[in-house]
Amino acid sequence: MIYVKTIGRLPFRQSHNLIREYRVQTQSLKPFRMSSSTSAATAPEGDTAVAQKNYKIVQDVGNFAETEAKRPDFDQAKLIEVTKSPYPNWKYGEGVPDNGASLVQKHHEIDPYAPDRPMINNYRLLVSGIAPRPVGFLSTINSEGQKNLSPFSYFQVIDHDPPMFIVGFSSRPGRVKDTYRNLKETRECVINTVSENMIEAVNATAIDAPYGVSEWEVSGLHEAPSTTVKPSRVKESVFNIEGKVIDIKEFTDHQAPGMSLAATVLIKATRFWVKEGTADADYSHIDLDKLRPIGQLGGVSYGRVTSTFERPRSKWDGEVLKNELLAKLDAANPNK
Ligand SMILES: Cc1cc2nc3c(=O)[nH]c(=O)nc-3n(C[C@H](O)[C@H](O)[C@H](O)COP(=O)(O)O)c2cc1C
């Protein structure tokens, strides 16, 4: 993923041309070779310089302060409203009951690997189309004990038994993400949740600080001790998860010249911490009003939860007795 650290919106044509230029230039370079260990944190200098030069999407594109000044203030006191669901009377087999409105437009097919498909378009498409994404705010340390704190939205909880998480680290010019390097070195982290009131501080930690510089200082967030791992927890977060690395998948076959390795890391929780007063008595449910989660959207946008609705889940055995369609499907089941 190329993370757009720009403020404001990069004109589409401009970003398109920049990336096309990047691809043309890097494709003409000699193939990039990793050192004997794929743990090499840094790409060869010459290639990196070219990649960096062409990684121009990371640039200032406007006066964001001016743009934001025209927007309404963030409503800190906004209550989370609970409404009905979109189609409360929905029935089995009904699809989207909108009289076919959502079926009118055709889909446009895209090959993400097409030679004329700029990688930035895949990035922009994915982060705008797979949204909102939770932000995993990772605290790590390297083998010398140097601290790191950074946000990742290629992130998700993927199971509860055992409690497992996944984080995706994108390729960038030069060195791998420091968090990834630390996870590989020490195999420990704390995953911290991000609430609305933390977002400016969290966003600031995404700065490309030199290796060894602690984003704890950059953000001004506070450390709390962990029990099962060395990295600290973020005191401001409602929920902290201490965790250990279970597996790493490096995408060595997809590395561009001068760019770092992309990788995905699987993390298993070793301890939970929930802020007192934010959950029920047995710490099995966190109150949404207290968590106030944010989600990352496309571009440089974030979303908040201001409205929810509920849909109970059903069981086949009960429903099949009450519903004609399910009864028909049940009767026709060839595996019965
Ligand atoms: C909300 C948010 C989500 C991000 N998600 C990711 C992600 O999933 N993967 C990634 O490689 N970078 C992501 N980034 C960019 C990294 O945070 C950024 O590259 C950071 O400098 C990495 O820090 P590190 O090198 O100290 O690990 C994200 C940035 C923000 C602000």
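Start with the whole chain and its contacts: of those between residues at least 6 apart in sequence, 71% join residues at least 24 apart. The model is predicted. Colour by secondary structure and ten helices and 14 strands appear in the protein. Of its 336 residues, 26% are buried.

**Stop 1: the seven-stranded sheet**

Select β4, β3, β7, β10, β11, β6 and β5. They form an open sheet in that order, and the pairing is antiparallel. Which strands stand at the edges? They are β4 and β5; each has a single partner strand, so one side of each is left without a neighbour in the sheet. Look along the sheet for the twist, which averages 30° from one strand to the next.

Now add α5 (178–186). This helix packs on the sheet. It touches β3, β4, β6, β7, β10 (239–250) and β11 (263–274). Its direction makes about 55° with that of β3.

Zoom in on two strand pairs.

- Select residues 136–141 and 188–192, which are β3 and β7. Three bridges pair them in the antiparallel sense. Show Leu138: its bridge partner in β7 is Ile191.
- Select residues 155–160 for β5, and 163–169 for β6. Five bridges join these antiparallel strands. Show Val157 and find Phe165, its bridge partner in β6.

Stay at β5 and β6. A hairpin joins them through two residues. Pro162 sits in that loop. Check the peptide bond from Asp161 to Pro162: it is cis, with omega near 10°. Most peptide bonds are trans.

**Stop 2: around the ligand**

Select the ligand and its shell. There are 20 residues around the ligand, and those that come nearest are Ser150, Tyr154, Asp178, Thr179 and Ala206. Which element supplies the largest share of the shell? Strand β4 does, with four residues. Select 147–152 to see β4. β6 and α5 also each supply at least two shell residues. Colour the shell by residue class: nine are nonpolar, eight polar and three charged.

**Stop 3: helix α4 and the turn-off to β2**

Select residues 119–129, helix α4. Show Ile120, Arg124 and Val127, which are buried. Why do they lie on the same side of α4? They cover an arc of only 80° around the axis, which puts them there. The general rule fits this view: an α-helix has 3.6 residues a turn, so residues three or four places apart point the same way.

Move on to Pro132, in the loop between α4 and β2. Here is another cis bond to check: the one from Ala131 to Pro132, with omega near 0°.

**Stop 4: the three-stranded sheet**

Select β2, β12 and β13. These three strands form an open sheet in the order β2-β12-β13, with antiparallel pairing. β2 (133–134) and β13 (302–304) are the edge strands, and each pairs on one side only. Add residues 294–296 for β12, which pairs with β2 over two bridges in the antiparallel sense. Show Pro134 and Gly295: Gly295, in β12, is the bridge partner of Pro134.

**Stop 5: Val135**

Select Val135, in the loop between β2 and β3. Is Val135 buried or exposed? It has 24 other C-beta atoms within 10 Å; the cut-off for buried is 20 or more, so Val135 is buried.

Display its contacts. Beyond the neighbours within four places in sequence, Val135 is in contact with Pro151, Ser153, Phe155, Val194, Val202, Ile294 and Gln296. Next, draw a distance to Pro293. Val135 and Pro293 are 158 residues apart in sequence, yet 8.9 Å apart in space, C-alpha to C-alpha.

**Stop 6: two positive phi values**

Most residues other than glycine have a negative phi. Two loop residues to inspect here have positive values.

Select Tyr283, in the loop between β11 and α8 (288–291). Its phi is near 50°. Tyr283 is exposed, with 12 other C-beta atoms within 10 Å.

Then select Arg292, in the loop between α8 and β12. Its phi is near 45°. Arg292 counts as buried because it has 21 C-beta neighbours inside 10 Å.

Notes. Residues numbered from 1 in each chain as written. Predicted model: local features only at pLDDT ≥ 70, side-chain atom pairs only at ≥ 80, totals over all residues. Contact = placed C-beta atoms within 7 Å. Pairing = 2+ DSSP bridges. Arc of directions from axis to C-beta. Near = placed C-beta within 6 Å. Nonpolar A, V, L, I, M, F, W, Y, C, P; charged D, E, K, R; others polar. Axes fitted to C-alpha atoms, helices over the stretch in contact; angles between N-to-C directions.
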